[in-house]
Protein chains: 2
Amino acid sequence: MTRLPQFIENVQGKLWLTEDEDHNLEIRYHIKEVLFEEQSKYQHVMVLDSYTFGPMLVLDGIVQTTSRDGFIYNEMISHVPLAYHPNPRNVLIIGGGDLGAAREAAKHEKVERVDLIEIDETVVRASQLHMPEVSGGTEISPKIRIHYRDGVEYVKNLKAEYDVIIVDSSDPIGPAVELFSEAFYQNVHRALKDDGIMTCQSESPIFYQDIMAKSYNRIAGIFPHTKMYTAVVPTYPGGFWTFTLGAKQALPDPEQVRFDIDARYANEEVIRGCFSLPTFIKKQLEK
Amino acid sequence: MTRLPQFIENVQGKLWLTEDEDHNLEIRYHIKEVLFEEQSKYQHVMVLDSYTFGPMLVLDGIVQTTSRDGFIYNEMISHVPLAYHPNPRNVLIIGGGDLGAAREAAKHEKVERVDLIEIDETVVRASQLHMPEVSGGTEISPKIRIHYRDGVEYVKNLKAEYDVIIVDSSDPIGPAVELFSEAFYQNVHRALKDDGIMTCQSESPIFYQDIMAKSYNRIAGIFPHTKMYTAVVPTYPGGFWTFTLGAKQALPDPEQVRFDIDARYANEEVIRGCFSLPTFIKKQLEK
């Protein structure tokens, strides 16, 4: 190889990607092969085949999802709102260019249409070509329609269009920064039908407690029924990840919720129990 | 500093500890200061003050617990069996030299005595001196009695002595290897009273699925009522950790279990909900 992609280093013939959490904690992945590299209009996009996690989608040097554990995040961001909605026919996903959340949403029988609004077609192309375990490859459900547009702009002009909206953003830096703004969530609220439910990823309760609490409180200021839930995502720092769900109407009792989709992490017990928060997270939200 | 402790490297004036998971994934901690270093009869013992996690107990180069997140593991290995036992008066802890599990167990009003059997007094000394957030420091509950003995030998001659036994071991290499043997769990079973409950840590469901499934099945072969539960331990690889609980009598319905101990991770909801396993873990246990 004559040129090493950005973010990759060669140490005595071995390739490594280093994620630097706060200059004091580094996670280093041994890389087998660079499967994809392209500087898109929005960000630097790679798929790296790693020894430990298989192919990984890496944006601006940060691991977004891996073939080994991507199912956990994608199942939990999509199946929870869909299971708690009485009749989720029309679903909007903002971001989610790895197609994993769209693929999970399309599994629900009641779901008729999944609109995916991804700003960066490079992410979709890379995921379809090199992350089939996550994206499902190039053959996707006919329910899914991909629109290469800016999600922030897209939701500005919608009114009562969707049953469920999933905000599947990267971290609040780079192209995703506006997906954490209050104006955006007000538009999401308006874009939902009267019994609509939204979810977003709300970051790590260990490393980004501030962003987590702000995300939750922003949504709780707009939606009358707001709940945080967690999942374990091994490739995210600290392993622990939070999601925030906002609903326009009261949610059903978890014990009444049914879930029979064939999934690898989510099941009825998990979908019912995911809102049980450890005390230290509750305290962060109360601050 | 004239000599660097084993496992620590100095890179351009900064100290780092590198944990090597499988030669393909490295976690690197930036170290502020080496607070304690001693080669004991059993293992290499350090307490390293890290920038991200504060003081960390490190045995043979492997991070065991940290001041920032040690409470999660210690609360979950102790409060779950104690909450599900109707009358836990006498508690035995095998290992647990950081004293965190003993400290949590002693919080239960019904608990009268906590016998801690730790093979390596160096671990206890280091934890008391340099990890007070975990150990509670040098002033410990009068309920706790520390015995510097081999836990494997200790349980050989007991019969119906304890209500709850907690096996708080390090990984099944080095001094802890026998704490994963079948003979040991048969002795633990005999050491428990007729309504006794035991728990042990049963490793990562991501990186050590084989050890996890073997630990569970070994206990399920001896105890009539066996359940796995999980917690998120950010400083363990993958973040996700499993515990296995074995009971001689049927456990109460989780909804009947009360828990009002002041804790940072555990609460009544968490104690009731922790047995909900993701599908991929259930499948590993069925293999």
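**Exercise 1. Two domains of chain A**

Which side chains meet in a salt bridge at 2.9 Å, N to O? Describe the contact between the two domains of chain A around this pair.

*Solution.* Before starting, note that this is a predicted model, in which local features need pLDDT of at least 70, side-chain atom pairs count only at pLDDT 80 or more, and totals for chains, interfaces and linings use all residues. Residues are numbered from 1 along each chain as its sequence is written, chains are lettered from A and ligands numbered from 1 in the order in which they are written, and side-chain values use heavy atoms, with hydrogens and water left out.

Step 1: find the pair. The side chains are those of A:Arg125 and A:Glu38. A salt bridge here is a side-chain nitrogen of Lys or Arg within 4 Å of a carboxyl oxygen of Asp or Glu.

Step 2: place the domains. Domain 1 of chain A covers 8-66 and domain 2 covers 70-286, with bounds from an automatic or database domain assignment. Their centres, taken over C-alpha atoms, are 24 Å apart. Each of the two domains brings 21 residues to the contact, where contact means heavy atoms within 4.5 Å.

Step 3: size up the contact. The two domains of chain A bury about 2000 Å² between them, and 63% of that is on carbon and sulfur atoms. Buried area is the accessible area (1.4 Å probe) that two parts lose on being put together, summed over both. The count between these domains is one salt bridge.

**Exercise 2. Chain B meets chain A**

How many residues of chain B are in contact with chain A? Build up a description of this interface.

*Solution.* Step 1: count. 38 residues of chain B touch 38 residues of chain A.

Step 2: give the area. The two chains bury about 3200 Å² between them, 55% of it on carbon and sulfur atoms. B:Asn24, B:Glu26 and B:Glu269 supply 16% of the area that chain B buries against chain A, more than any other three residues.

Step 3: look at the salt bridges. There are four between chain B and chain A. B:Glu269 pairs with A:Lys282 in a salt bridge, with the closest N and O atoms 2.6 Å apart.

Step 4: name the elements. On the side of chain B that touches chain A, β2, β3, α1, α8 and α9 of chain B each give two or more residues. With six residues, β3(B) gives the most. Helices (H or I, at least four residues) and strands (E, at least two) are DSSP runs, numbered from the N terminus.

**Exercise 3. Inside α9 of chain A**

Which residues of helix α9 of chain A are buried, and what do they pack against?

*Solution.* Step 1: list them. In α9 (residues 279-286), the buried residues are A:Thr279, A:Phe280, A:Ile281, A:Gln284 and A:Leu285. Buried means under 20% relative accessible area, exposed over 50%, and partly exposed in between (1.4 Å probe, protein chains only).

Step 2: find the partners. These residues pack against α7, β12 and β13 of chain A, together with α1 of chain B.

**Exercise 4. One threonine in chain B**

Why does B:Thr226 count as buried?

*Solution.* Step 1: locate the residue. B:Thr226 lies in strand β12 (residues 225-232) of chain B.

Step 2: check accessibility. B:Thr226 counts as buried because its relative accessibility is 14%.

Step 3: add the surroundings. The side chain of B:Thr226 reaches the backbone oxygen of B:Phe223 at 3.3 Å. Leaving out residues up to four places away in sequence, B:Thr226 touches B:Tyr216, B:Ile219, B:Ala220, B:Thr244, B:Leu245 and B:Gly246.

Note on methods. Polar contact = N/O pair within 3.5 Å; in protein donor to acceptor, adjacent residues only side chain to side chain.
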